[in-house]
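Could you walk me through this model in my viewer, one selection at a time? I would like to know what to click on next and what is there.

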Amino acid sequence: DTNEEKAGPLKLDNGIKGWEVYDKVNKDANIVLGIGSRFLLTIEADDQENTYFVKEVAQSMDLDDLSSIK
């Protein structure tokens, strides 16, 4: 973490792992998730106070179904 950015690994409630970045200066939130060793999902939002909203969006999606695609 710095004065301008917070970044680090994340794990959602369903076990899907990824990376989160919050730009403190521009108030941009971003997460990238690895799904089923096949897909990368990026969710971004601007004018945020943290990364909670983009994580809520990810949690609301049926990512388990996506990870089962072969």
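Start with a cartoon view and follow the chain from its N terminus: the order of elements is β-β-β-β-α-α. That gives four strands and two helices in the chain. Keep in mind as you go that this is a predicted model. With the whole chain in view, its C-alpha atoms fill a box of roughly 40 × 20 × 15 Å along the principal axes. If you colour by accessibility, buried residues account for 27% of the 70 residues in the chain.

**Stop one: Glu20 and its partners**

Select Glu20, which sits in strand S2 (residues 17–23). Is Glu20 buried or exposed? Glu20 counts as buried because its relative accessible area is 16%, below the 20% cut-off for that class.

Now show Lys55 as sticks. The side chains of Lys55 and Glu20 form a salt bridge, with an N to O distance of 3.2 Å. Lys55 belongs to helix H1, so this pair ties together parts that are 35 residues apart in sequence.

Keep Glu20 on screen and add Thr51. Their side chains are joined by a polar contact of 2.5 Å. Thr51 is in the loop between S4 and H1, and it too is buried, at a relative accessible area of 6%.

**Stop two: the other salt bridge**

How many salt bridges does a search of the whole structure find? The search finds two. For the one still to visit, select Glu49 and Lys27, whose closest N and O atoms are 3.0 Å apart. Glu49 is in the loop between S4 and H1 while Lys27 is in the loop between S2 and S3, so this salt bridge links parts that are 22 residues apart in sequence. Switch on the surface and compare the two partners: Glu49 is exposed at 58% relative accessibility, whereas Lys27 is partly exposed at 31%. As background to both stops, side chains of opposite charge can pair when their charged atoms come close.

**Stop three: a negative patch**

With the surface still on, select Asp28, Glu44, Asp46 and Asp47, which form a negative surface patch. Zoom in on Asp47, in the loop between strand S4 (39–45) and helix H1 (52–60). Asp47 has a relative accessibility of 62% and therefore counts as exposed. Check the backbone here as well: phi of Asp47 is near 55 degrees, a positive value in a residue other than glycine.

**Stop four: Ser37**

Which loop holds Ser37? Look between S3 and S4. Ser37 has a positive phi of about 50 degrees, although it is not a glycine. On the surface view, Ser37 is exposed, with 86% relative accessibility.

**Last stop: Gly34**

Finish at Gly34, in strand S3 (residues 28–35). At a relative accessible area of 38%, Gly34 is partly exposed. Draw a C-alpha to C-alpha distance from Gly34 to Asp13 and you should read 14 Å, for two residues that are 21 apart in sequence.

Terms used
Residues are numbered from 1 along each chain as its sequence is written. This is a predicted model: local features need pLDDT of at least 70, side-chain atom pairs count only at pLDDT 80 or more; totals for chains, interfaces and linings use all residues. Side-chain values use heavy atoms; hydrogens and water are left out. Patches are made of residues with over 30% relative accessible area and no salt bridge: like charges are joined within 9 Å, nonpolar side chains (Val, Leu, Ile, Met, Phe, Trp, Tyr) within 5 Å. Accessible areas come from the Shrake-Rupley method with a 1.4 Å probe; for residues, only the protein chains shown count as cover. A salt bridge is a side-chain nitrogen of Lys or Arg within 4 Å of a carboxyl oxygen of Asp or Glu. Lys and Arg count as positive and Asp and Glu as negative; His and the chain ends are not counted. The place of a charge is taken as NZ of Lys, CZ of Arg, CG of Asp or CD of Glu. Buried means under 20% relative accessible area, exposed over 50%, partly exposed in between (1.4 Å probe, protein chains only). A polar contact is a pair of N or O atoms within 3.5 Å; within protein, one must be able to donate a hydrogen and the other to accept it, and residues adjacent in sequence count only if both atoms are side-chain atoms.
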